[in-house]
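Ready for a few short exercises? Take a look at the model below, then work through each task with its solution.

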Amino acid sequence: MTCAHCAEVAAGARHVRIEKEAIAAYAESLQPVALVPATDRAFSLQLNAINFGSGWFPTLRKLPGLSGFRTVEAQFREHAAFSPEQLAGMDQTLIARTLNQDPNHPLMALYAKALNEIAGVEPHGDAVQIAEQLAELPTWHDPGFFKRAQIAAADLTTENVGRLTIFADNLVPHVLKLDGILSFAPDLDARIDREELLGHGSAEEVEIRACAVHAAELLVAAHGATTAARLDHLLWNRGAQARYKARPRHRARTTAY
């Protein structure tokens, strides 16, 4: 959906480089798994509605051994999907109680707004059509990348999923960097290692996401038997390994991811 935009950014990038000579061997080593659509579509959509906030995750109250997203997911799974009426009436106090978080945490108000937006929303069609419908919602607004809209679509259907890009967040680029597919300028690497927040929409942040998307397109082409969505699933899960968690990854405070 955003390949041309990302290829253009990658071509002119000053802070991030794709190590193209490493693409072929890396692609050959990949064994992406099949995607399985969610059986509970309502719950899947609601979880995807709050699938953002990685820039704030270090400040969340986490469950032992779980990351920020896995904590949110685990707490959210303790409850059945909310009804449209409950979604419309969601506020930061209720979502904070659901997630066992401080209601004054900035994410709680954003999560409540994101859940308000999907009250009565029932996406339909193939993966591209679903992504386009969701991308129109205010907190899903992410021009050029549409990370959340695409990942939600891939969770809901595999029809036409091959037209989606990877879901440009902060973990998949981190995995690609540590695996030698992306390299960052020394000053950008130093900022990330110091755990400085990057501005959402800054040149550095856009280049990280765009180069990851374009690198994934090159990997998909070199592999010849996978899709960007399947590749994303593999790399995102790889990012839970100790090697990747031992190094800081870039963070930006945004509803995009």
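**Exercise 1: Burial and overall build**

Of the 257 residues of the protein chain, 53% count as buried, where buried means under 20% relative accessible area, exposed over 50% and partly exposed in between (1.4 Å probe, protein chains only). Before going on, note that this is a predicted model in which local features need pLDDT of at least 70 and side-chain atom pairs count only at pLDDT 80 or more, while totals for chains, interfaces and linings use all residues. Residues are numbered from 1 along each chain as its sequence is written, and side-chain values use heavy atoms, without hydrogens and water.

Task: state how many helices and strands the protein chain has.

Solution: There are 14 helices and two strands, taken as DSSP runs (helices H or I, at least four residues; strands E, at least two) numbered from the N terminus.

**Exercise 2: Contacts along the chain**

Task: find what share of contacts between residues at least 6 apart in sequence joins residues at least 24 apart.

Solution: Begin with the term: contact means heavy atoms within 4.5 Å. By that rule, the share in the protein chain is 74%.

**Exercise 3: One residue, N48**

Task: decide whether N48 is buried or exposed, and list its contacts beyond four places in sequence.

Solution:
- Locate N48: it sits in helix α3, residues 41-49.
- Check its accessibility: N48 has 4% relative accessibility, so it counts as buried.
- Look past neighbours within four places in sequence: N48 touches W140, R148, I151, A152 and D155.
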